[in-house]
Amino acid sequence: MPCCGVLRVPSCDPFFLVPDWPLPAGLRAAVTTRKGGYGSGPYSGFNLATHVGDDPVVVARNRSLLQSTLHLPEEPYWLQQVHGSDIVQRTAEIPESKRRGDGAVSHLGGVLAILTADCLPILLASQDGRAIGALHAGWRGLVGGVIEAGIAAMDMAPEEILVYLGPAIGPTQYQVGAELRAAFLAADPGDEEGFRPGPGDRFYADLPLLARRRLARLGVQQVWGGEHCTFSDEQLFFSYRRQGQCGRMASLIWREWP
C-alpha cells in the first residue's frame with residue numbers, strides 16, 4: 001500500500017501529498033510538491049519560502065493559493081528555521097519574524113508548517129488530537145536534538161504520539177563525510193545502520209532511519225512515512241542538493257476548527 005494519496009486541486013494545478021497515517025478526527029495533514037503555483041526559474045512551481053531569493057509577490061500568491069485550496073482555517077504558523085533544535089510554542093502574539101526555531105508545537109489548534117528541500121520534515125499528533133507538532137530535521141537538527149526537544153514539547157507520554165516522516169533526500173542519494181557519521185555514532189554506536197559506504201571516503205546516510213532510531217529511543221513507536229526521496233523525483237520535489245538555488249515545499253498539520 002502506498003504511503004500517501006495524491007490530491008489534485010484544479011486551480012493552477014497544484015499537487016499535495018496526503019499522508020497515510022491514522023490521524024484523530026478533526027486533524028488533517030498535507031505535504032506540498034513543486035507542482036502548480038506561480039513560480040519560475042529555479043523556483044518554478046509552488047515555492048512557499050520567503051528566504052530563498054524568490055520574488056516575494058510570487059511567494060505571497062503561492063501562500064494564498066495554499067491556504068485557499070486546502071481550506072486552511074488560518075494562515076500557517078511559518079517559522080524562521082535555522083537548522084537548530086529550538087521549539088516554538090504556537091501563540092498568536094509572536095510575529096513570524098521572531099519565530100526562530102526548527103519546530104513548533106500547539107495545544108491550541110492552528111496550522112503548523114515546516115519548509116524543506118532535502119531535510120526531513122516530521123509531523124506529530126497526539127492520539128487524542130489535542131496536540132500537534134512539526135519539526136525540521138536535517139543532519140544538524142538530528143544531531144542537535146530537535147526530535148528530542150519536539151517530543152518533550154508535546155508534553156505527553158511518547159507512546160501517545162503519532163509521527164509522520166515527510167519527503168527528504170533518500171538513502172541512495174545523500175552523500176556525507178566521515179565526520180558527520182562520527183557525530184552520529186558518538187551519540188549512539190547503533191546509528192551505524194543508518195550509513196553505508198559510498199564513493200571514496202564518503203557515506204550514504206539514511207535520514208528517515210536515523211530519525212526512526214531516535215524516536216524509538218524516546219519510546220515513540222507509531223511512525224509512518226519516510227519513503228519519498230526529494231533528490232530522485234525532480235518532477236515532484238525541489239532539492240537543494242540537486243539544484244542548489246531552489247524553492248521549498250511545506251509539510252503541514254492542522255486542526256479543522258480553531
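Visitor: Two strands pair if DSSP finds at least two bridges between them, right? And what are helices and strands here?

Guide: Right, pairing takes at least two DSSP bridges. Helices (H or I, at least four residues) and strands (E, at least two) are DSSP runs, numbered from the N terminus.

Visitor: What kind of model is this?

Guide: This is a predicted model, where local features need pLDDT of at least 70 and side-chain atom pairs count only at pLDDT 80 or more, while totals for chains, interfaces and linings use all residues. Residues are numbered from 1 along each chain as its sequence is written, and side-chain values use heavy atoms, with hydrogens and water left out.

Visitor: Let's start with β14. Which strands does it pair with?

Guide: Strand β3 (residues 27-32) runs antiparallel to β14, joined by five bridges. Strand β6 (residues 111-116) is also antiparallel to β14, over six bridges.

Visitor: Which residue of β14 is the bridge partner of Val 31?

Guide: Ser 251. Ile 114 also has Ser 251 as its bridge partner in β14.

Visitor: How many residues of β14 are buried?

Guide: Seven of seven, over residues 249-255. Buried means under 20% relative accessible area, exposed over 50%, and partly exposed in between (1.4 Å probe, protein chains only).

Visitor: Which way do they point?

Guide: Met 249, Ser 251, Ile 253 and Arg 255 point one way from β14. Ala 250, Leu 252 and Trp 254 point the other way.

Visitor: New topic. What order do the strands take in the six-stranded sheet?

Guide: The order is β4-β5-β8-β7-β9-β13, in an open sheet with mixed pairing. β4 (88-89) and β13 (222-225) are at the edges; each has a single partner strand, so one side of each has no neighbour in the sheet.

Visitor: How does β9 pair with β13?

Guide: β9 (residues 161-165) pairs with β13 in the parallel sense, over four bridges. Leu 165 stands opposite Gly 225 in β13.

Visitor: Which helices pack on that sheet?

Guide: Helix α3 (residues 146-154) touches β4, β5 (103-106), β7, β8 (132-137) and β9, and makes about 170° with the direction of β8. Helix α5 (residues 207-218) touches β7, β9 and β13, and makes about 170° with the direction of β9. Contact means heavy atoms within 4.5 Å. Axes are lines fitted to C-alpha atoms, for helices over the stretch in contact, and angles run from 0 to 180 degrees between N-to-C directions.

Visitor: Zoom in on Ser 126. Buried or exposed?

Guide: Buried, because its relative accessible area is 0%. Ser 126 is in strand β7 (residues 120-126).

Visitor: What does Ser 126 touch?

Guide: Leaving out residues up to four places away in sequence, Ser 126 touches Pro 24, Ala 131, Met 154, Met 156 and Glu 160. Its side chain also makes a polar contact of 2.7 Å with that of Asp 128. A polar contact is a pair of N or O atoms within 3.5 Å; within protein, one must be able to donate a hydrogen and the other to accept it, and residues adjacent in sequence count only if both atoms are side-chain atoms.

Visitor: How many disulfides are there?

Guide: Zero in the whole structure. A disulfide is a pair of cysteine sulfur atoms within 2.5 Å.

Visitor: Why is Cys 246 without a bond?

Guide: Because the closest cysteine sulfur, in Cys 119, is 11 Å from its own, too far for a bond. Cys 246 is buried, at 1% relative accessibility.
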